[in-house]
Amino acid sequence: MSVAVEALFTSALGLQPPWLVDDVKLDTAKRRIDFEVACRGALLGCPQCGAAAQPVHDRLRRSWRHLDFFQFEAWLHADVPRVACAACGKTTQLSVPWARPGSGFTAAFEALALALCRELPVRQAAALLRCSDKQLWLRIEFYVEQARALEELSGVEIIGIDETSLRRGQDYITVVHDLDLKRLLFATEGRDHQTVLDFAADLKTHGGEPAELRHVCMDMSAAYAKGVALALANAAISYDRFHVVAMAIDAMDQVRRAEMRDEPAAVDAALGDSERKTIKGLMWAMRKNPAGWSAGQLDAMHWLQRSTLKSARAWRLKMALREVYARARAHNNAEHAASDLRNWLSWARRCRLEPFKKLATTIKERFGAVVRGMTDHRSNAFVEAMNGLLQQAKRAARGFRTSKNFIAIAYLRLARLKHLPAHPFAPALAK
Ligand SMILES: [Zn+2]
């Protein structure tokens, strides 16, 4: 091609002497464009010690995948010089300005890949970019680790600690969120008290101070409570709505399952028909908000509510607890919330449903922390929103759902890391 074309691409790639585009080959049949980049000069500075004008020892052939050029897949190739330095005695390969050492992608291509992985499942991003999932996972891990090492986490005061599992009931991951700045602070395997100690240590290495944490919002796991007592001594614990209501739903499910199993005749009589569909509709409807009931579920719930089944009582108790939370959210008054909750507890203790009596005891033992969580709707809403985002992160790791990958993609998407490569298509003048 003409010299003007090579000069054009030299500037478009942002190359400075001694680097320049030497040749451009466009293959329309293969939909591919190849750029030959040259490093001019027989004498170059030593990358190791900086000594000027050292002889080139040899040149090693290397290639990099770059951002597509129109509909053409673009590749850079260069014979990269190794400098034999008389000053330090070492032979060192020059680093190229368009890629980090050892990567077969240019920095711009990697930045685009990261941007896509924040929005799409990694497998889809790989398909769009025509590369392998594995290549993307390696980049995500590399850049997340690099960005996290530079991350400053001072001034954190309110956190949420939560567990999530990669597979139903196994491979637990503990996640710690900053509830003020709405970002993921820390994620690690396991859900024992050590995870909280590890978080505190990690916070310290990033310039944070565990003693400054005032407030921890979490579920009722004894392990987290132990970790908080050991590592975050100044933090008051509160239990958020999401986890407390989830415990009530669980108690209700236990009552329903036991009743369906042990007293099928009473269930059939109350529901008017013993079709499995009704039972199944009931199972989901009882967990759902009434506003979301389907026609079938509405029908099943109609019969349930008019029955004297234990399941009906359990459902009313669950709904009443939700109501206690809804009222607390409206009046935002700790005293009212405490008195409402006391009323609910006295009903739950007298209800003759073992799982609810047990739940009442659990809540009573942690009464102050539960009430704190009732009026703190800011963290309540956030815990639920974060849960949704973590589910998305899990889907993003589909097919490669290891703890390591999930933690890396969670950081990439939810940690608001400030030191990730900028999106290559960011508007040039955005300031
Ligand atoms: Zn040298």
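**Zinc site and internal cavities**

Along the chain, the residues that donate to the zinc ion are spaced as C-x2-C-x35-C-x2-C. The structure is a predicted model. Apart from the zinc site, the briefing covers the internal cavities, of which there are 2 with a volume of 30 Å³ or more.

**Zinc site**

- Four cysteine sulfurs coordinate the zinc ion at 2.3 Å: the SG atoms of Cys 46, Cys 49, Cys 85 and Cys 88.
- The site is tetrahedral, and the angles among the 4 donor atoms run from 104 to 115°.
- Cys 46 sits in the loop between strand E3 (43-44) and strand E4 (54-69), while Cys 88 sits in the loop between strand E5 (72-84) and strand E6 (91-93), so this pair ties together parts of the chain that are 42 residues apart in sequence.
- Cys 46 has a relative accessible area of 4% and is therefore buried, the limit being under 20%.
- Cys 88, at 29% relative accessible area, is partly exposed.

**Largest cavity**

- The largest cavity holds about 40 Å³ of space.
- Its lining includes Arg 148, Glu 151 and Leu 153, and Tyr 411, Ala 415 and Leu 417 also belong to the lining of this cavity.
- Arg 183, Leu 184 and Leu 185 line the largest cavity as well; strand E9 (residues 183-189) provides the largest share of the lining, 3 residues.
- By class, the lining of the largest cavity has 6 nonpolar and 3 charged residues, with no polar ones.
- Among the lining residues are Arg 148, Glu 151 and Arg 183, and these count as charged because Arg and Glu are in that class.

**Second largest cavity**

- The second largest cavity has a volume of about 30 Å³.
- Gly 160, Ile 161 and Asp 162 are part of its lining, and strand E7 gives the most to this lining, with 3 residues.
- Strand E7 (158-167) and strand E10 (215-218) each contribute at least two residues to the lining of the second largest cavity.
- Cys 217 and Met 218 are among the lining residues of the second largest cavity.
- The lining of the second largest cavity also includes His 177, Asp 240, His 243 and Val 383.
- The residues that line the second largest cavity divide into 4 nonpolar, 3 polar and 2 charged.
- Gly 160 is one of the lining residues, and it falls in the polar class because Gly is counted there.

Conventions: Residues numbered from 1 in each chain as written. Predicted model: local features only at pLDDT ≥ 70, side-chain atom pairs only at ≥ 80, totals over all residues. Heavy atoms only, no water. 1 Å grid on protein atoms, 1.4 Å probe; cavity = no way out; pocket = protein on both sides within 12 Å on 5 of 7 lines; lining within 4 Å. Points joined across faces, edges and corners; volume = space filled by probe spheres on them. Helix = DSSP H or I, 4+ residues; strand = E, 2+ residues; numbered from the N terminus. Donors = N, O, S within 2.8 Å, 3.2 Å for Na, K, Ca; no water. Tetrahedral: all angles 85-135°; square planar, octahedral: opposite > 155°, others 65-115°. Buried < 20%, exposed > 50% of the residue type's maximum accessible area, 1.4 Å probe, protein only.
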